[in-house]
There are 2 protein chains.
Amino acid sequence: LLDVVMPRQFPWATMRRRPPGLWRYREALPLGATAEPVALGEPETPLVDISAGGPRVYLKLDFLFPTGSFKDRGAAVLMTKARELRVARVIEDSSGNAGAAIAAYAAAAAISAGIYVPEGASPAKVAQIQRYGASVVQVPGSRADTARAAMEAAQAAYYASHVWNPFFLEGTKTVAFELWEQLGRRVPDWVITPVGHGTMVLGLSKGFLHLRDAGMTDAVPRLVGVQAATCAPLVQGSRGDLTLPPVVEPGVTQADGIAVGQPTRWRQILRAIADSAGFWTAVSEEEIRESHLAWARRGLLIEPTSATATAAYQRLAAEGVFGGHQRVVVVVTGSGIKTASQRL
Amino acid sequence: LLDVVMPRQFPWATMRRRPPGLWRYREALPLGATAEPVALGEPETPLVDISAGGPRVYLKLDFLFPTGSFKDRGAAVLMTKARELRVARVIEDSSGNAGAAIAAYAAAAAISAGIYVPEGASPAKVAQIQRYGASVVQVPGSRADTARAAMEAAQAAYYASHVWNPFFLEGTKTVAFELWEQLGRRVPDWVITPVGHGTMVLGLSKGFLHLRDAGMTDAVPRLVGVQAATCAPLVQGSRGDLTLPPVVEPGVTQADGIAVGQPTRWRQILRAIADSAGFWTAVSEEEIRESHLAWARRGLLIEPTSATATAAYQRLAAEGVFGGHQRVVVVVTGSGIKTASQRL
């Protein structure tokens, strides 16, 4: 596993003069000074105050991106890097939001893309990937077989994996910068997020540490990692002192975006949560369903995967975990529009 | 038909201190001073520079809203008004983007909603509307039968129609304010937009005239209205001096969002285009398909309905309609994610 190590610079006086959105933070991204962003019009995603007495609570609607999920942050930065490296073809394995994001930003960068998906992947999601002109390779067998096929193909191409490629994580870290800015240049006390392969939680961790090391904040938020109870290797793994990767056989879950039985960056993810003085929690299918519906009935259609985080917030708030003066952010990682016709 | 007439105030010094997005313009909206916005986190939608030599050309990605289309502008303002008026239940007829937007913002306002749709409406779109908790009434017969059934039901409820209700148009006019602001407080020379019932083009017209009468701009842009050739009553109507409403039998089109054979506000729409010194054009199914695919292959998945406008731009630019120093905006009204699995 590779990670990007870069100077902790954050020239705010320069950044603030640019339009809002992830590109204003470019000195904090590992891009050459002359790299032209592969951009599709990424807005600063909304931070919606949903406080109802007690702690200040916000939803970060991090799905209001061109392809409908926060994965556009990672894909935009990764494809900018790929173009800088004069890459001609990329490979990715994902039948979901990451596959769509890589396909879209590869198209925007005029880089050809092969997206490997397990046989039987959702036809709607495959259709979205194909519209961007990417070639979709359906692989028989398990999710692991798909990953193996992709890695093999990546011998002859650039592996633009949202799991393995460190430039993807560098893009997702911009969500932390936006939160800091939207909260009046202060970090929140807590951030609650769904965790599958950990791209969001690692991005948050990297981003907040970058801000701290650059002197923009003293504290960093406590991170709460949420998984579906039917597929919670990291929740289980957090309970012991692991030497081997945590592995579970994914059960059926509505939170298909985080149904990852064997998270590649498990050690890093567990450390990110622990170092932040955060914790892990799992939510039931019933909690996911109820929170998804409750938010839809308040007008926000979020991905069932993201409803793991809103459900966890609900329970933790009821348990009194958050102090009355604290600020809590719940990250909504994907749009519910893609799965509106899915049975709950 | 009713229209809102209000003072042309635009206190920019006050507005600019608020966060970006449609609510910063509230003095230009017909809302009481104490009305609490029914908000779901509406961002300022991106304006993407797609110039390639010659005129400056921009795509206004006006679909990056919670329900996936620009209709959220109208629905947010209309539902804020409805709550101010203590409305308990609203009726709307639309099986598409407007139905989803009204359902979502009614939910956000805790107002019950009945959405009337023609029998046979797209199951995916009906599913989205239902997720918000709205009751969907499927009406046998034609689109006109659905409208009649909705109007009847609206005798006992508030008719939150995107076609008839003037507060909806007041919301859509905020797109003009954003364009003016994003272009450095200057209006563009041209705006190209799809036209069905005319909510976008009327919003643009109202918004730019508001800016002009408030002294924020001397000129207003020339508006280009685009329809699908298989359903182009306004293109046809623009050729004569009409006394009767233009009516066509809608043919089959991929641009289902503007497949309106008999536009209610036809006289107002024709006048808006004519008064702006703009013009009308129709595009073929082949042009729609090609432009939709061309943009997807550049990474932007837009609704086929919106591809009417990008296709029209393409042709008009090739014909040399736009001057080299002019600024042209093409409005992208809906996300292509909802229809990604639709055959082209």
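Is Leu1(A) buried or exposed? At 54% relative accessibility, Leu1(A) is exposed, because the cut-off for that word is over 50%. The legends below start from this residue and then move on to other places in the structure, which is a predicted model.

**View 1. A nonpolar surface patch includes Leu1(A).** Welcome to the beginning of chain A. Leu1(A) sits in the segment that comes before helix 1 (12–15) of chain A. Together with Met151(A) and Trp164(A), Leu1(A) makes a nonpolar patch of about 280 Å² on the surface.

**View 2. Chain A and chain B are related as by a two-fold rotation axis.** Two copies of a chain are related by a rotation about an axis and a shift along it. Here, chain B is superposed on chain A by a rotation of 180° with 0.0 Å of shift along the axis, and the RMSD is 0.0 Å. The two copies are therefore related as by a two-fold rotation axis. To find this axis from chain B, look for Leu64(B): among the residues of chain B, Leu64(B) comes closest to the axis, with its C-alpha at 2.9 Å.

**View 3. Chain B and chain A meet through the same surface.** In this view, 37 residues of chain B are in contact with 37 residues of chain A. Of the interface residues of chain B, 100% are also interface residues in chain A, so the copies meet through the same surface. Between them, the two chains bury about 2900 Å², and 64% of this is on carbon and sulfur atoms. Which three residues supply more of the area that chain B buries against chain A than any other three? They are Leu64(B), Arg131(B) and Ile337(B), which supply 25% of that area. Leu64(B) may look familiar, as this residue is also the one of chain B that comes closest to the rotation axis. How many salt bridges does the rule find across the interface of chain B and chain A? The count there is zero, while over all chains it comes to 32.

**View 4. Arg56(A) and Asp49(A) meet in a salt bridge.** Side chains of opposite charge can pair when their charged atoms come close. In this pair, the distance from N to O is 2.6 Å. Arg56(A) is partly exposed, with a relative accessible area of 39%, and Asp49(A) is partly exposed too, at 37%.

**View 5. Glu178(A) and Lys60(A) form a buried pair.** The closest N and O atoms of this salt bridge are 2.7 Å apart. Glu178(A) belongs to helix 7 (residues 174–182) of chain A and Lys60(A) to strand 2 (residues 56–61) of chain A, so the pair ties together parts that are 118 residues apart in sequence. Glu178(A) has a relative accessible area of 0% and is buried; Lys60(A), also at 0%, is buried as well. Both residues take part in a network of salt bridges that also links Asp62(A) and Arg73(A).

**View 6. Arg8(B) forms a salt bridge with Asp213(B).** Our last stop is in chain B, where the closest N and O atoms of this pair are 3.2 Å apart. Arg8(B) lies in the segment before helix 1 (12–15) of chain B, and Asp213(B) lies in helix 8 (residues 199–213) of chain B, so the salt bridge ties together parts that are 205 residues apart in sequence. Arg8(B) is partly exposed, at 35% relative accessibility, and Asp213(B) is partly exposed at 40%.

Notes:
Residues are numbered from 1 along each chain as its sequence is written. Chains are lettered from A and ligands numbered from 1 in the order in which they are written. This is a predicted model: local features need pLDDT of at least 70, side-chain atom pairs count only at pLDDT 80 or more; totals for chains, interfaces and linings use all residues. Side-chain values use heavy atoms; hydrogens and water are left out. Patches are made of residues with over 30% relative accessible area and no salt bridge: like charges are joined within 9 Å, nonpolar side chains (Val, Leu, Ile, Met, Phe, Trp, Tyr) within 5 Å. Accessible areas come from the Shrake-Rupley method with a 1.4 Å probe; for residues, only the protein chains shown count as cover. A salt bridge is a side-chain nitrogen of Lys or Arg within 4 Å of a carboxyl oxygen of Asp or Glu. Helices (H or I, at least four residues) and strands (E, at least two) are DSSP runs, numbered from the N terminus. Buried means under 20% relative accessible area, exposed over 50%, partly exposed in between (1.4 Å probe, protein chains only). Copies are superposed by least squares on the C-alpha atoms of residues with pLDDT of at least 70 in both. Contact means heavy atoms within 4.5 Å. Buried area is the accessible area (1.4 Å probe) that two parts lose on being put together, summed over both.
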